[in-house]
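Welcome, and thanks for taking a look. Here is a short briefing to read alongside the structure.

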Amino acid sequence: MDHIMTGIEEFLPIYLNDFLEEQLKHDHKTLKENPVYPELKLIVDSINLYRDFLSLPRLSLEAMVKEGLKGVRYEHFNTNA
């Protein structure tokens with residue numbers, strides 16, 4: 001079962017980066033407005049099923065997006081550079 005999870009987890013950073021890039025380009029008001037959301041949500045939900053089975057803490061899509069945008073937004077909108 002670990003090889004299945006490893007396969008799924010490999011896609012998480014790829015889709016998260018795609019999601020963040022799309023968010024920066026179009027500034028969607030909600031997560032669901034972002035066209036990458038369905039794929040990213042599916043990956044996170046799949047990982048969370050496995051994490052629930054192992055009694056591990058769940059991943060939070062919202063927290064990952066907030067953390068990802070925090071650094072990116074600063075660099076993207078920094079007018080002093």
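How much accessible surface does the protein have, and what share of the surface belongs to carbon and sulfur atoms? The accessible surface comes to about 5800 Å², and carbon and sulfur atoms account for 59% of that. Please keep in mind that this is a predicted model.

**Overall fold**

- The protein has 4 helices and 0 strands, and its pattern along the sequence reads α-α-α-α.
- Of its 81 residues, 30% count as buried.
- Taking contacts between residues at least 6 apart in sequence, 58% join residues that are at least 24 apart.

**Helix α2 and the residue after it**

- Helix α2 covers residues 12-26, which makes 15 residues.
- From first C-alpha to last, α2 reaches 21 Å, close to the 21 Å expected at 1.5 Å a residue.
- Which residues of α2 are buried? They are L12, L16, F19, L20, E22, Q23 and L24.
- As general background, an α-helix has 3.6 residues a turn, so residues three or four places apart point the same way.
- After α2 comes D27, which has a positive phi near 45°.
- D27 is partly exposed, because its relative accessibility is 39%.

**Salt bridges**

- How many salt bridges does a search of the whole structure find? The search finds 4 salt bridges, and three of the pairs are described here.
- In general, side chains of opposite charge can pair when their charged atoms come close.
- D27, the residue that follows α2, forms a salt bridge with K29, and their closest N and O atoms are 3.9 Å apart. The cut-off for a salt bridge is 4 Å, so this pair counts as one.
- K29 has 67% relative accessibility and therefore counts as exposed, while its partner D27 is partly exposed at 39%.
- D45 forms a salt bridge with K41, with 3.0 Å between the closest N and O atoms.
- Both D45 and K41 belong to helix α3, residues 37-53, where they sit 4 residues apart, or about one turn of the helix.
- Are D45 and K41 buried or exposed? D45 is partly exposed at 31% relative accessibility, and K41 is also partly exposed at 31%.
- D52 forms a salt bridge with R58, and here the closest N and O atoms are 2.5 Å apart.
- D52 is partly exposed, because its relative accessibility comes to 38%.

**Nonpolar surface patch**

- Which residues form a nonpolar patch on the surface? The patch is made of M1, I4, F53, L54 and L56, which together have about 520 Å² of accessible area.
- F53, one of the patch residues, is found in helix α3.
- With 60% relative accessibility, F53 counts as exposed; the cut-off for exposed is over 50%.

**Aromatic pair**

- The count of aromatic pairs comes to 1. The rings of F11 and Y15 have centres 6.4 Å apart and planes at 50°, so the pair is tilted.
- The label tilted applies because 50° is neither under 30 degrees, as for stacked rings, nor over 60, as for edge-to-face ones.
- F11 is partly exposed, with a relative accessible area of 42%, and Y15 is partly exposed as well, with 26%.

Notes
Residues numbered from 1 in each chain as written. Predicted model: local features only at pLDDT ≥ 70, side-chain atom pairs only at ≥ 80, totals over all residues. Heavy atoms only, no water. Helix = DSSP H or I, 4+ residues; strand = E, 2+ residues; numbered from the N terminus. Buried < 20%, exposed > 50% of the residue type's maximum accessible area, 1.4 Å probe, protein only. Contact = heavy atoms within 4.5 Å. Areas by Shrake-Rupley, 256 points an atom, 1.4 Å probe, with all protein chains shown as cover. Salt bridge = Lys/Arg side-chain N within 4 Å of Asp/Glu carboxyl O. Expected span 1.5 Å × (residues − 1). Patch = residues over 30% accessible without salt bridge, like charges linked within 9 Å, V, L, I, M, F, W, Y side chains within 5 Å. Phe/Tyr/Trp six-rings, centres within 6.5 Å; stacked < 30°, edge-to-face > 60°.
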